[in-house]
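Biologist: I am new to this structure and would like to understand the words used to describe it. Could we look at it together, term by term?

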Amino acid sequence: MSITFLSILFAVLVFGVIIIVHELGHFLTARKFGIRVDEFAIGMGPAIFKRQGEQTLFTLRLLPIGGFCALGEDEERESEDSFRKKPVPPRIAVMAAGAVLNILLGFVIVLFATAHSREAVIAKIIWIAEDALCREYGLQVDDTILKINNRRIFTIGDLSYQLSNAENGVADMVVERGGEKIALNGVRFDMETDPETGRQVLRYNFRVTRLENINAAQVFIYSFKETAYYARIVIMSLGDIIQGKYGINDLQGPVGIVTIISDVAESQGFNSKILIDIAALITINIGMFNLLPIPALDGGRIVFLLIEGIRGKQLKAETEGTIHFIGFALLILLMIVVTFNDIGKIVGG
């Protein structure tokens, strides 16, 4: 089988698991609080499989681009199992459960990968090139990097992200050296031109520490930090987009993700560690994205519930539905634009 086909298969499998876990979070929490679930759907578009449960219709739909739990939200029906009849706290729990379960799944994936490899990478420098600029600006071997530009460094991913976003390769740092915290302001790193994009990128002419045979406690702590990094990068990336550091052409959709998987497979084979990292990043990313306070997303619905709790009065279902529909339409439009950009990058090489 071709690498592209295997990459598509892997992506469909990952997204399928993520969707099922997300919707199960909503479904199980709703049932826990006695809320009616009219339909549990995997996929969008026309139904290709249906099975009627005791209370819920389970469907598999044609397009593998999402899913939904149709909660009983009608105002006319007076039954006590209606979503709108329940108090605000359990409804918030139902809305948050899908994203929380996605993030928990990401943690489990990272925990499994770390436990399997029994390795961790920490931001303690073990080697710096003799001609490296950062050496001239005060960075030394055995320094442990604690902060870059006032952001705490938890994992090697944090280190890479913050340095790659350092303007002109210059960063303010806090390091631990000999048991003391030392501020290094204006540390300059070497830059080079990326042959593919033509952009100036940071050249990593130093190495950090790889720990081997770590114990169970270290596995858990490192996995928690890695999950926190994956979650935090969603917020940081959104902030970078708002500030104009990245544009819409830098966003990746499902097609772009498949391309990345294919590129990795072509250069390194189907490296299980890298693929597991990609799966963890995707599920945590989707979980965090769904918690953003945007209409149509779970976070947007939570905002409406918080407003209801403060006002002590529900917004009309039709009004809230219209707002969420507009938000959903805009998200679909964004997805279409990103997908066309991804396809354009492939066609353009």
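Modeller: Let us begin with a term we shall need: helices, of at least four residues, and strands, of at least two, are DSSP runs numbered from the N terminus. Please keep in mind that the model is predicted.

Biologist: Which element gives the most to the lining of the second largest pocket?

Modeller: That is α5, with 4 residues, and the elements that give two or more residues to this lining are β3, β4 and α5. The lining has 16 residues, of which I122, A123, F154, Y222 and K225 lie nearest the centre of the pocket, and the pocket has a volume of about 350 Å³.

Biologist: What makes K225, one of the residues nearest the centre of that pocket, charged rather than nonpolar?

Modeller: Lys counts as charged, whereas Ile, Ala, Phe and Tyr count as nonpolar, so K225 belongs to the charged class. By class, the lining has 11 nonpolar, 3 polar and 2 charged residues.

Biologist: Why is the set that includes L139, I145, L159, M173 and F189 called a nonpolar core?

Modeller: A nonpolar core takes buried residues of kinds such as Leu, Ile, Met and Phe, joined through side-chain atoms within 4.5 Å. Those five have the most contacts inside the largest core, of 27 residues, and therefore, as members, they are buried, which means under 20% relative accessible area. The largest share of this core, 5 residues, comes from β3.

Biologist: With which residues is F189 in contact, leaving aside its neighbours within four places in sequence?

Modeller: F189 is in contact with L133, C134, L139, L163, G169, M173, L202 and F206. Apart from this core lies another, of 16 residues, among them A30, C69, V88 and M95.

Definitions and conventions:
Residues numbered from 1 in each chain as written. Predicted model: local features only at pLDDT ≥ 70, side-chain atom pairs only at ≥ 80, totals over all residues. Heavy atoms only, no water. Buried < 20%, exposed > 50% of the residue type's maximum accessible area, 1.4 Å probe, protein only. Contact = heavy atoms within 4.5 Å. 1 Å grid on protein atoms, 1.4 Å probe; cavity = no way out; pocket = protein on both sides within 12 Å on 5 of 7 lines; lining within 4 Å. Points joined across faces, edges and corners; volume = space filled by probe spheres on them.
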